[in-house]
Amino acid sequence: MRSLGQLPVWAAKPCIMGIDEAGRGPVLGPMVYGCLYCARSYQKTLSTLQFADSKTLKEEKREELFEELKTNKSIGWAVDVIDPRDLSAKMLKKNKINLNEISHNSAIGLVRKTLELGVLLSEVYVDTVGDPEKYRVKLSEIFPAIKFVVAKKADSLYPVVSGASIVAKVTRDRALRDWVLDETAENMQRNFGSGYPGDPETKAWLDNHKHAVFGFPTLVRFSWGTCNAYSKDNVEVVWESDANDEDEPNGRASKRQVKLTNIGFTGVKRKSEDIESNGKGRCKFFQARKLELLSQF
C-alpha cells in the first residue's frame, strides 16, 4: 500500500472517503483497491471534477483525471495492490480465504492506514462486495466512529467513489502494462489481451504459456477455475510427506505418499489415489537432510 504526500491541514477536519477496486474478475494480474479522500467541505467541488465510474471512461480520460487528482492538494489517495500469487495462495491454502474476504480485508486496510496517517474520517462510501448491509455492519463494528455507506454501483452514485475507481483502475492498468515477466522461456510474450477469462487472446496466451511441471507464469491467478481446462496435460507429481493422523490408534504417526494432480488449480480434491505407506518417524528425505518441521515462525 502507498499514499502520496504529507498530511494536509484539511485532513484534521471531518473527511469523506471512497473505496473501489479494479481487477476482481481477470485471470491475469493483480487486484487493486483504491481509495480517495478529501474534506467533507470539498464534496461539492469534487462533484465538478468529471470523476465517473472508471469503466465508462476511455483509458486516455482515466489517465488524464488521475494525473489531475495527483496534483490536487485538496485530495488524498492510496492503493493496495494485491499480487496474483498472493490471491491464489490465500484462496488455495489449508484455511482458505475467499475473494470476498480478501476484498474486505483490503478495504479495511485502506481505512486503517488512512486513520493512522491522522486523517479525520467521518464518512466512508464503499462499492459493495457481497451483501451491502452485512458489509456495512462489519465495517461499522470495526470502525464505530465512522459512518459507512455501502452500495451496489457506488462508483456511479458517489463522486468520491468514482475518484477511487479511477485510482484503482489506472494503477492496475499501469501495473499490467509495466509487468516484468519473471520467467525466461524463449516463447514468453506479452500479448495476453484484457486478462479476462472470456477474452480469446487471453485464452490463447494461457494455452501457450502453461508448463507441464511448473504451471503458469507468476502473472496468472492459478486458483481461477479458468485454469482448470489447461491442467489435463500436467505431469503427475508425487511427494512423500509426514502426517500425524489423529485417528490412528494409540496416537501413532503414519507416513503418506500423496499423489498431487492438477496442482495449483481449484476444483481438485484429494482422491482415493493417496498412497498410504507404513512406517514410523520422519520421512527418509527429511532425515537425510536433517530437516525438522517448524510449527512457529
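Mentor: Start with a term. A residue is exposed when its relative accessible area is over 50%, and buried when that area is under 20%. Keep in mind that this is a predicted model.

Trainee: Which residues of α5 are exposed?

Mentor: Lys134 and Glu141. They lie on the other side of the helix from its buried residues. Those buried residues are Tyr135, Leu139 and Ser140, in a helix that runs over residues 132-142.

Trainee: What puts the buried residues on the same side of α5?

Mentor: Their arc. Around the axis they cover only 130°, and that places them on the same side of α5. There is a general reason behind such patterns. An α-helix has 3.6 residues a turn, so residues three or four places apart point the same way.

Trainee: What covers the buried residues of α5?

Mentor: The cover includes α4 (99-117), β5 (121-127) and β6 (147-151).

Trainee: What makes the link between Asp131 and Glu133 at the start of α5 a polar contact?

Mentor: The limit for such a pair of N or O atoms is 3.5 Å. A side-chain oxygen of Asp131 comes to within 3.2 Å of the backbone nitrogen of Glu133. That distance is within the limit, so the pair counts as a polar contact.

Trainee: How do you know that the buried residues of α3 line one face?

Mentor: First, the residues. In α3 (residues 84-92), Pro84, Leu87 and Ser88 are buried. Seen down the helix axis, they fall within an arc of 90°, so they line one face. They pack against β3, β4 and α4. At the start of α3, a side-chain oxygen of Asp83 reaches to within 2.8 Å of the backbone nitrogen of Arg85.

Trainee: Which residues does UniProt list for "binding site"?

Mentor: The unreviewed entry lists Asp20, Glu21 and Asp127.

Trainee: How do you know that they gather at one spot?

Mentor: They span 108 residues in sequence. Yet no two of their C-alpha atoms are more than 8.1 Å apart, so they gather at one spot.

Trainee: Is Asp20 buried or exposed?

Mentor: Asp20 has 2% relative accessibility. The cut-off for buried is under 20%, so Asp20 is buried. Asp20 sits in strand β2 (residues 15-22). Beyond four places in sequence, its contacts include Asp127, Asp155 and Ser165.

Trainee: Where is Glu21, and what is it in contact with?

Mentor: Glu21 is also in strand β2. Leaving aside neighbours within four places in sequence, Glu21 is in contact with Val32, Tyr33 and Ala168. A polar atom of its side chain also lies 3.3 Å from the backbone nitrogen of Arg24.

Trainee: How many aromatic pairs does the structure hold?

Mentor: Five. One of them joins Trp10 and Tyr37, with ring centres 6.1 Å apart and planes at 55°.

Trainee: Why is that pair called tilted?

Mentor: Under 30 degrees would be stacked, and over 60 would be edge-to-face. The planes of Trp10 and Tyr37 are at 55°, in between, so the pair is tilted. The pair links distant parts of the chain: Trp10 is in the loop between β1 (2-3) and β2, and Tyr37 is in strand β3 (residues 31-39). Trp10 is buried at 14% relative accessible area, and Tyr37 is buried at 4%.

Trainee: What makes the pair of Phe66 and Trp77 edge-to-face?

Mentor: The angle between their planes is 70°. That is over 60, so the pair is edge-to-face. Their centres are 5.3 Å apart. Phe66 lies in helix α2 (residues 59-71) and Trp77 in strand β4 (residues 75-82). Phe66 has a relative accessible area of 3%, which makes it buried. Trp77 is buried as well, at 4%.

Trainee: How do you know that His209 is buried?

Mentor: Its relative accessible area is 5%. Under 20% counts as buried, so His209 qualifies. His209 is in the loop between α8 (200-208) and β7 (237-243). A polar atom of its side chain lies 2.8 Å from the backbone oxygen of Trp205.

Trainee: Why does Lys153 count as exposed?

Mentor: Lys153 has 58% relative accessibility, and exposed means over 50%, so it is exposed. Lys153 lies in the loop between β6 and α6 (154-157). Its phi is positive, about 55°, although Lys153 is not a glycine.

Key:
Residues are numbered from 1 along each chain as its sequence is written. This is a predicted model: local features need pLDDT of at least 70, side-chain atom pairs count only at pLDDT 80 or more; totals for chains, interfaces and linings use all residues. Side-chain values use heavy atoms; hydrogens and water are left out. Buried means under 20% relative accessible area, exposed over 50%, partly exposed in between (1.4 Å probe, protein chains only). Helices (H or I, at least four residues) and strands (E, at least two) are DSSP runs, numbered from the N terminus. The arc is that of the directions from the helix axis to the C-beta atoms. Contact means heavy atoms within 4.5 Å. A polar contact is a pair of N or O atoms within 3.5 Å; within protein, one must be able to donate a hydrogen and the other to accept it, and residues adjacent in sequence count only if both atoms are side-chain atoms. UniProt positions are given in the numbering used here, feature names are shortened, and annotations may be inferred rather than shown by experiment. Rings of Phe, Tyr and Trp (its six-membered ring) pair if their centres lie within 6.5 Å; planes under 30 degrees apart count as stacked, over 60 as edge-to-face and the rest as tilted.
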